[in-house]
Amino acid sequence: MIEFKEVEKRYPNGFLALNQINLQIEQGEFVAIIGLSGAGKSTLLRCINKMHDITEGTLCVNEVDVQQLKGKGIRDLRRNIGMIFQSFNLVTRVSVLKNVLVSFVPNMPVWRKILGIFTQEEKRLALMALDQVGILDKAYVRVDQLSGGQQQRVALARTLAQNPQIILADEPVASLDPVTAKQVMEDFKRINQELNMTIIINIHHVDLALAYATRVIGVRSGEIVFDGQASEITEETLAFIYNNTNQERGETEHAMEATITEENSIA
Amino acid sequence: MQWKLLSPKKIVLPNGKEVLEKRSIQPILWLIILVLLFFSIRITGFSLEVLVNRIQEFFVILQQMIPPNWDYLSKLWQPLFDTIKMSLFGSVAGAIVALPIAILAATNITKNKGIAMVSKFILSLLRTMPTLIVALIATFIFGLGTMAGTVAIFLFTIAYVGKLLYEQIENANMEAYEAMHSMGLTTIQAFRYAILPQILPNYLSTSLFCFEGNVRYASILGYVGAGGIGLLLNESLGWRSYENVGMILLMLVCTVFLIETTSEYFRKKLM
């Protein structure tokens, strides 16, 4: 279970990216977060696995206060949370299988970590993860030879090999064509239903969000302005979530800049 | 940059439209280059007269080198191998040590700006010191012989490979690195699995290229007593036994050519 209590996130430049977020997500939910670019969707998602720090309030993942974690604690938290990115974030120069095998690195003895040697069992688990997303035949192909949709599936397999309870997906289909985007969303849905993993997804395609997610959260200027079933969404609620005046547009641009600088400074 | 003096040229099209073409500043640049060239000739004391009058002396020496003294060959093998050993060991050790220093110097991996600054400073400091001087100092510390030469080459390799490597690390794609952080890997682990595969071919290629150069460097390190074939070169030049010098140079040319060709072959394979 993920629980936000009065969470606030203020960037060093003073911009308030998240304001008074109260949110509770149960294990096994499929949540889509919608809103304009820079509304705070990415920040909201990245706070959950502490890729970003919150500045006020408490954020608990499975009863653990994320804000108190340091070093090893953060890494253990992240082991349990998978993350999917818009640009796939794979090592393109190596094979698909090697990308998936990285999931096992934290649990390996030091000498194997350095040499990059994996056991037969680890390879079997990685291949099973690839099979789950239907690209088993590409296991020994270099990632840069694959299409965007296939690459996103490799990323998904990498996350599955980690066997997390929660998957955070930051615009996973934004750089895919409509057909491939649908297939990837199907994968998410299947994983959600079969493995009972919580899936939280940032998405620009409202129609996809409504078609696949069970719960939709609308974010506007760092605040949650809608939280309900996908079926409850109407044209008016959408207009409200996406409503922005010129003044707000200026603000969203600032937010985007803030997100970019923060991304550069993490890790 | 555009001077006010250089008014743009006007081109009129048949249909009456006008296009303003900016004047090229190329003639002015040529003028500046010529002036600088003139002053550099004056300052360096370059004289075409001396060059023309004395050039035949070069061919006199060259003639004395041919034919080379083949009997001298038997004495050359050991110092030649010393030279190669010196450069090989110095290059391998230097390239290995360069990796951790390059990681510390890369600002995208090392978040502590102080550590990165200090590492970069150490690298540029090492690069500034001429290898010959380092070898000379090393002979004071480790005594005459190949040890001093090895240390000099080791330090130069760290500086050279380290500098190029940290620039490659800083230019590496950080997306996979970010993803691995999000999977709970430590910085070192994420570097090993996300950045290293990207830079490895370049790293090996740079190290090989550095080794090539080091063989050439190593051959003159003997001049300051740091072992290798340079010692004999110095000696033979001192005795004006140019046929021996010819033999040494012939051996060096063959060795360097052989090593460069091999290294080039492998570097092409890596790319």
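**Notes on the predicted two-chain model**

1. Let's start with how chain B is divided. The domain assignment splits chain B into domain 1, covering 2-65, and domain 2, covering 70-270. Taken over C-alpha atoms, the centres of these two domains of chain B are 37 Å apart. Keep in mind throughout that this is a predicted model.

2. Next, the make-up of chain B. DSSP runs give 2 strands and 10 helices in chain B. Along the sequence the pattern is β-β-α-α-α-α-α-α-α-α-α-α. Chain B has a radius of gyration of 26 Å, whereas the globule rule gives 18 Å for 271 residues, so chain B is more spread out than a compact globule. Along the principal axes, the C-alpha atoms of chain B fill a box of roughly 80 × 70 × 35 Å.

3. Two more figures for chain B, on burial and contacts. Of its 271 residues, 37% are buried. Among contacts in chain B with a separation of 6 or more, 70% are between residues 24 or more positions apart.

4. A spot worth a look in chain B is the stretch around Pro67(B). The peptide bond from Ile66(B) to Pro67(B) is cis, with omega near -5°. Pro67(B) sits in the loop that runs between α2 (48-65) and α3 (73-105) of chain B. As background, most peptide bonds are trans.

5. Now the contact between the chains. Chain B puts in 18 residues and chain A puts in 21 residues. On the chain B side, the elements giving two or more residues are α7 (175-182) and α8 (187-221). Of the elements on that side, α7(B) gives the most, with 8 residues. Sorted by class, the side of chain B that touches chain A has 9 nonpolar, 6 polar and 3 charged residues.

6. On to the nonpolar cores. The largest one has 127 residues, and the members that touch the most others are Val31(A), Ile33(A), Val100(A), Ile201(A), Ala152(B), Ile169(B) and Met180(B). That list names residues of chain A and of chain B. There is also a second, separate core of 11 residues, which includes Leu80(B), Leu231(B), Met247(B) and Met251(B).

7. Val100(A) deserves its own point. Leaving out residues up to four places away in sequence, Val100(A) touches Ala126(A), Ala129(A), Leu130(A), Val154(A), Ala157(A), Arg158(A) and Ala161(A). Val100(A) is also one of the residues with the most contacts to other members of the largest nonpolar core.

8. Turning to the sheet in chain A: this is an open sheet of 4 strands with antiparallel pairing, in the order β2-β1-β4-β5. β2 (16-25) and β5 (64-65) of chain A are the edge strands, each pairing on one side only.

9. Strand β1 of chain A is a good one to trace residue by residue. With β2(A), β1(A) pairs in the antiparallel sense over 6 bridges, and Ile2(A) stands opposite Ile25(A) there. These two strands form a hairpin with 5 residues between them, and Gly14(A) in the turn has a positive phi of about 95°. With β4 (residues 56-61) of chain A, β1 (residues 2-10) pairs in the antiparallel sense over 5 bridges. In β4(A), Leu59(A) is the bridge partner of Phe4(A), and Cys60(A) is the bridge partner of Glu3(A).

10. Finally, two backbone angles in chain A that I would check by eye. For context, most residues other than glycine have a negative phi. Gln20(A) is not a glycine, yet its phi is positive at about 50°. Gln20(A) is found in strand β2 of chain A, an edge strand of the sheet. Gln20(A) counts as partly exposed because 15 other C-beta atoms lie within 10 Å, and the buried class begins at 20.

11. The second of the pair is Asn62(A). Phi of Asn62(A) is near 50°, again a positive value in a residue other than glycine. Asn62(A) is placed in the loop between β4 and β5 of chain A. With 14 other C-beta atoms within 10 Å, Asn62(A) is partly exposed; the exposed class would need 12 or fewer.

Key: Residues numbered from 1 in each chain as written. Chains lettered and ligands numbered in written order. Predicted model: local features only at pLDDT ≥ 70, side-chain atom pairs only at ≥ 80, totals over all residues. Pairing = 2+ DSSP bridges. Rg over C-alpha atoms; globule rule 2.2 N^0.38 Å. Contact = placed C-beta atoms within 7 Å. Domains from an automatic or database assignment. Nonpolar A, V, L, I, M, F, W, Y, C, P; charged D, E, K, R; others polar. Core = buried A, V, L, I, M, F, W, Y, C linked by C-beta atoms within 7 Å.
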